[in-house]
Protein chains: 2
Amino acid sequence: MGRPLRPRGKLLQEDARRHHRALLLQQLFRDGPASRADLARASGLTRVTVSDLVGEMLADGLVTELGAPAESRVGKPPTLVGLAVDSHHIIGLDLSETDRMSGAVVNLAGSVQARHEVHVDGAQGDEAVALVQHLVSELRAMAERPVLGIGVGSPGVVDTAGTVIDAPNLAWTDTPLAARLAEAFDLPVLVANDANTAVLGEHTFGESGDGGLMVLRVGTGVGAGFVLGGSLLHGHLGAAGEIGHVAVDPDGERCACSRTGCLETILSAPRLRRRVAAPGADGPAELAAVGTRLGEVLAPIVAALNLHEIVLSGPAELLDGPLLDAADRTIRERTMPISSTGLAVRTSKLGEDVVVVGAAVLVLAGELGVS
Amino acid sequence: MGRPLRPRGKLLQEDARRHHRALLLQQLFRDGPASRADLARASGLTRVTVSDLVGEMLADGLVTELGAPAESRVGKPPTLVGLAVDSHHIIGLDLSETDRMSGAVVNLAGSVQARHEVHVDGAQGDEAVALVQHLVSELRAMAERPVLGIGVGSPGVVDTAGTVIDAPNLAWTDTPLAARLAEAFDLPVLVANDANTAVLGEHTFGESGDGGLMVLRVGTGVGAGFVLGGSLLHGHLGAAGEIGHVAVDPDGERCACSRTGCLETILSAPRLRRRVAAPGADGPAELAAVGTRLGEVLAPIVAALNLHEIVLSGPAELLDGPLLDAADRTIRERTMPISSTGLAVRTSKLGEDVVVVGAAVLVLAGELGVS
DNA sequence: TTAGTTAGTTCAGCGCACTTACTTATCGCT
DNA sequence: AGCGATAAGTAAGTGCGCTGAACTAACTAA
């Protein structure tokens, strides 16, 4: 599943080695410590090769020997090796909030070691880039280990090279954010849309399976990210997941985007708050009404992609309850059992950290081949 | 784009060789004949390696030397090598029609060399499998070259192993079609849903670009297939593209699936025909009304996936015209410019052959790594 | 004729993972 | 306590696939 139809480029022996290294790291990452022999069995590589690769990774400090396991069986007891989750740290940024930029130092297990944030105060364009740089330097000073790289979840449309094509709030158009940060800090930098980093975070550190995953982020706006067949979906122009301005109600409110009845006009956090707080409004019923509308938008997507999970991320007091239930129900009413039986609709357990943690996953995947 | 986040398995040197072979074949397949030196430049491999690989492929008969090109430049004139499109043939089957099973002998360039079909006459279960086997033997006898493999576009849900999970018309449930045919004919067999083979056919032999592609097949039922990031989308349970029973109109007609207002109740070929032929009906207006409904279903999908192309496949007299125009218009009305500007909505030029040709692409991709 | 350019081949060498053979370490049985 | 069985890990040698450098072949330009 997900194997590209066409070969993508030349393949060196060096690539094979990196690939195998990543394979072992991945195993340790997902299933915890194991002996060299276990790794050999799991990967299909020989014990010899595994020993060699493990030796290399020990030298790099990426893994550590943990001694023999407690229970003993026949034969020589194995020496467990485990991922050294604090051997390196990763800097993850979340630029999706309108009033602040937040970031964190994250270890290889996705756990946040330190946080920092700066106020945007209307900074735009180059000034906003400078602010990002400031935030990174602060975080770098806070990191107590070598930094593996910088991951950024940015609002707007971001291309695969890490250039922000268009982010209205920060007045970024074709801003080569990754290149700028890479130059300033001499570290690998990976930038993606905030909903895309969120889906990566959920995919790797949430409780999600291996089927198709969609994360819907509800904040000031609405955006989504998809992991399909184990890969992040970018879309033709890098704009996959931009569903905030799909029309849900031709007779609805006028939207900032100049059209009417966009999803954002009913689903964004501020709109939802206003709606439930309106005089004489029945909160739960209002939320359910929005959930139903959301379900109508999601139903075609669920059927088309045969998704495994949909995760809502945002203010739990608004999303988790009547809104989610109504969306779930509507999706099931509007799709075939084959599409909906394998589907789970839930909220995220990662909370506000999805984006920074997902940004760290960008680096983990890019640098170590792990996710 | 589309690179899997996680490594997929052990990688042998042998795999690298196959990969590089495929890389060269792919180059010849897409851009036509080239010299060894051209191939080396395009692939990044050295001339030495390319010569070696080309030698191997010459021995296999997959490519042929074509002599020097007409125009002459400085230096030793190159010897062009080109894909030998008639060195092998592929058997492609289309089982999606209710009354017949059709198949074709296809060459490596996707051009149909011979056809054959058999009537279903209500055959079901094992009897239907026997009919497929009969069709294959006929086609095999018609093939004048070694057969590279058998590709099948089957109705219903098909898993990656080529087992038909569920195909009501043929009464197949968990029928291991690929395994049965592989055993009977001792050839590689690849089976996929008919909409999925159709999208492969369109992706490889249509005039489509490299962005996300959706093919919507309208026949007795409605189904879709997606190529995203260069890979066929399977979905969690292999049911991606099953959008025929998405509800479009809660007040609509009762559907065979026991729910109401499914897309198939307005969009299938028989329904469309009945609708335009109804006494007093305004044909074009009716078709446009259906197109609008279709656009409403597609809009969320377009926005979510940032598709590059949507191709409608089916009876042109129904689809190409008011229906397509209305769908196109509705999609644009209901999505942001960023989602819709890069999008083209059109009908297929491959006609009824999309499925068989796409089935051949399954084999091309699986056996030669070409698409 | 001579120099320059491009295509394609030959050859030695390198990196990687494999196989085979060995050492080390523990358990269960006599 | 001693011995065979079992398993983990190490060492040495083999084969495969790619590469760089050097070489031959064939042509153009001056």
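In helix 8 of chain A, the residues Leu272(A), Arg275(A) and Val276(A) touch helix 9 of chain A. Their partners in helix 9 are Gly283(A), Glu286(A), Leu287(A), Ala289(A) and Val290(A). By class, this contact holds five nonpolar residues, one polar and two charged. The model is predicted.

How do the two helices sit against each other? Two packed helices are described by the angle between their axes and the distance between the axes. Helix 8 covers residues 269-277 of chain A, and helix 9 covers residues 283-305 of chain A. Their axes come within 8 Å and cross at roughly 140°. That angle makes helix 8 of chain A oblique to helix 9 of chain A, because only angles over 145 degrees count as roughly antiparallel. The crossing is right-handed.

Now to the DNA.

**DNA strand C**

This strand has 28 residues around it. Gln13(A), Arg17(A), Thr49(A), Ser51(B) and Thr79(B) come nearest. Of the strand C atoms that come within 4 Å of the protein, sugar and phosphate account for 67%.

Which elements give two or more residues to the surface near DNA strand C? In chain A they are helix 1 (13-31) and helix 3; in chain B they are helix 2 (36-43) and helix 3. Helix 1 of chain A gives the most, with four residues. The surface near strand C has nine nonpolar, 11 polar and eight charged residues.

**DNA strand D**

Here 26 residues surround the strand. The closest are Thr79(A), Gln13(B), Arg17(B), His20(B) and Thr49(B). Of the strand D atoms within 4 Å of the protein, 66% belong to sugar or phosphate, and the rest belong to bases. The residues of the surface near strand D divide into seven nonpolar, 11 polar and eight charged.

**Reaching the phosphates**

Both strands have phosphate oxygens listed with protein atoms in this table.

| Residue | Protein atom | DNA strand | Distance to a phosphate oxygen |
|---|---|---|---|
| Thr46(A) | polar side-chain atom | C | 3.1 Å |
| Thr49(A) | side-chain N or O atom | C | 2.6 Å |
| Ala37(B) | backbone N or O atom | C | 2.9 Å |
| Arg36(A) | backbone N or O atom | D | 3.1 Å |
| His20(B) | polar side-chain atom | D | 2.5 Å |
| Thr49(B) | polar side-chain atom | D | 2.8 Å |

Four elements give two or more residues to the surface near DNA strand D. Chain A supplies helix 2 (36-43) and helix 3 (47-60). Chain B supplies helix 1 (13-31) and helix 3 (47-60).

Terms used:
Residues are numbered from 1 along each chain as its sequence is written. Chains are lettered from A and ligands numbered from 1 in the order in which they are written. This is a predicted model: local features need pLDDT of at least 70, side-chain atom pairs count only at pLDDT 80 or more; totals for chains, interfaces and linings use all residues. Side-chain values use heavy atoms; hydrogens and water are left out. Axes are lines fitted to C-alpha atoms, for helices over the stretch in contact, and angles run from 0 to 180 degrees between N-to-C directions. Angles under 35 degrees count as roughly parallel, over 145 as roughly antiparallel, 65 to 115 as roughly perpendicular and the rest as oblique. A crossing is left-handed if the near helix is turned anticlockwise from the far one by less than a right angle, and right-handed if clockwise. Contact means heavy atoms within 4.5 Å. Ala, Val, Leu, Ile, Met, Phe, Trp, Tyr, Cys and Pro count as nonpolar, Asp, Glu, Lys and Arg as charged, and the others, Gly among them, as polar. A residue is near a molecule or strand if one of its heavy atoms lies within 4 Å of it. A polar contact is a pair of N or O atoms within 3.5 Å; within protein, one must be able to donate a hydrogen and the other to accept it, and residues adjacent in sequence count only if both atoms are side-chain atoms.
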